[in-house]
Amino acid sequence: MLSQQIIDCLNQQINLEIYSSHLYLQMSSWCAYKSLEGCATFLSQHADEEMTHMRRLLNYLQETGAFAVIDGMQAPPTDFNSLTEMFEKIYGHEKLVTSKINNLVHLANTEPDYATLQFLQWYVAEQHQEEFLFKSILDKIKLIGTEGQGIFFIDREIANMAANRTQETTAMN
Ligand code: FEO
């Protein structure tokens, strides 16, 4: 049995994960429009991953007999000045998601709600990976640069990351 405060915060997290999915799908669309196919594929995959994060939370709420509520949500931004700015926004967004997970962990620990605390451990590890992933992409962009052919090499690099992700997912299934 979850407290109402935990239910409310888990519902907020569900909606943040859906927003994350919309954000990355919109960014994927922007990349496709700019002929950055590798980035478009990578971000489309990532949009799908965010929906799996949402579903984990949804299932957890439903298993406890709580009511999951999907909000109306704001539209994601549609335009970006550059690929660098777009990935900086993603990194910032992932740091926001991490802070929300940390708040949830703190709440579960304070109540205490040990089942939710345990459930949230997966998200703690996942956010560590997500921040690492996007920080490493930003580092690559800074290293290679986006001038001239740089953008082509970055897109190819990110296409390789998307292909590796597909292989990992196939191997897991
Ligand atoms: Fe579900 Fe990228 O955090």
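## An all-helical chain and its nonpolar cores

From the N terminus on, the elements of the protein chain run α-α-α-α-α. The secondary structure thus comprises five helices and zero strands. The radius of gyration of the protein chain is 17 Å, close to the 16 Å that the globule rule gives for 173 residues, so the chain is as compact as a globular protein of that length. The model described here is predicted.

Along the principal axes, the C-alpha atoms fill a box of roughly 55 × 35 × 25 Å. Of contacts between residues at least 6 apart in sequence, 81% join residues at least 24 apart. Further values for the whole chain concern burial and surface.

| Property of the protein chain | Value |
|---|---|
| Residues that count as buried, of 173 residues | 43% |
| Exposed area | about 9600 Å² |
| Share of the exposed area from carbon and sulfur atoms | 53% |

**Interior.** In soluble globular proteins, nonpolar side chains tend to be buried together. In this model, the largest nonpolar core holds 26 residues, and Cys 31, Leu 83, Met 86 and Phe 87 touch the most other members. Two or more residues of this core come from each of helix 1 (4–33), helix 2 (37–63), helix 3 (83–110), helix 4 (114–144) and helix 5 (150–172). The greatest contribution is that of helix 1, with six residues.

Which residues does Cys 31 touch, not counting those up to four places away in sequence? The partners of Cys 31 are Leu 36, Cys 39, Ala 40, Leu 43, Leu 83 and Met 86. Apart from the largest core lies another core, of 24 residues, which includes Met 54, Leu 58, Ala 108 and Leu 120.

**Surface.** A nonpolar patch on the surface is formed by Leu 143, Ile 144, Phe 152 and Phe 153, which together have about 420 Å² of accessible area. Helix 4 and helix 5 each supply at least two residues of this patch, and Phe 152 has its place in helix 5.

**Loops.** Two loops contain backbone features that merit inspection in the structure. In the loop between helix 1 and helix 2 is Ser 35, which has a positive phi of about 65° although it is not a glycine. Ser 35 is exposed, with a relative accessible area of 56%; the cut-off for exposed is over 50%. The loop between helix 3 and helix 4 holds Pro 112. The peptide bond from Glu 111 to Pro 112 is cis, with omega near -10°.

How values were computed
Residues numbered from 1 in each chain as written. Predicted model: local features only at pLDDT ≥ 70, side-chain atom pairs only at ≥ 80, totals over all residues. Heavy atoms only, no water. Core = buried A, V, L, I, M, F, W, Y, C linked by side-chain atoms within 4.5 Å. Buried < 20%, exposed > 50% of the residue type's maximum accessible area, 1.4 Å probe, protein only. Helix = DSSP H or I, 4+ residues; strand = E, 2+ residues; numbered from the N terminus. Contact = heavy atoms within 4.5 Å. Patch = residues over 30% accessible without salt bridge, like charges linked within 9 Å, V, L, I, M, F, W, Y side chains within 5 Å. Areas by Shrake-Rupley, 256 points an atom, 1.4 Å probe, with all protein chains shown as cover. Salt bridge = Lys/Arg side-chain N within 4 Å of Asp/Glu carboxyl O. Rg over C-alpha atoms; globule rule 2.2 N^0.38 Å.
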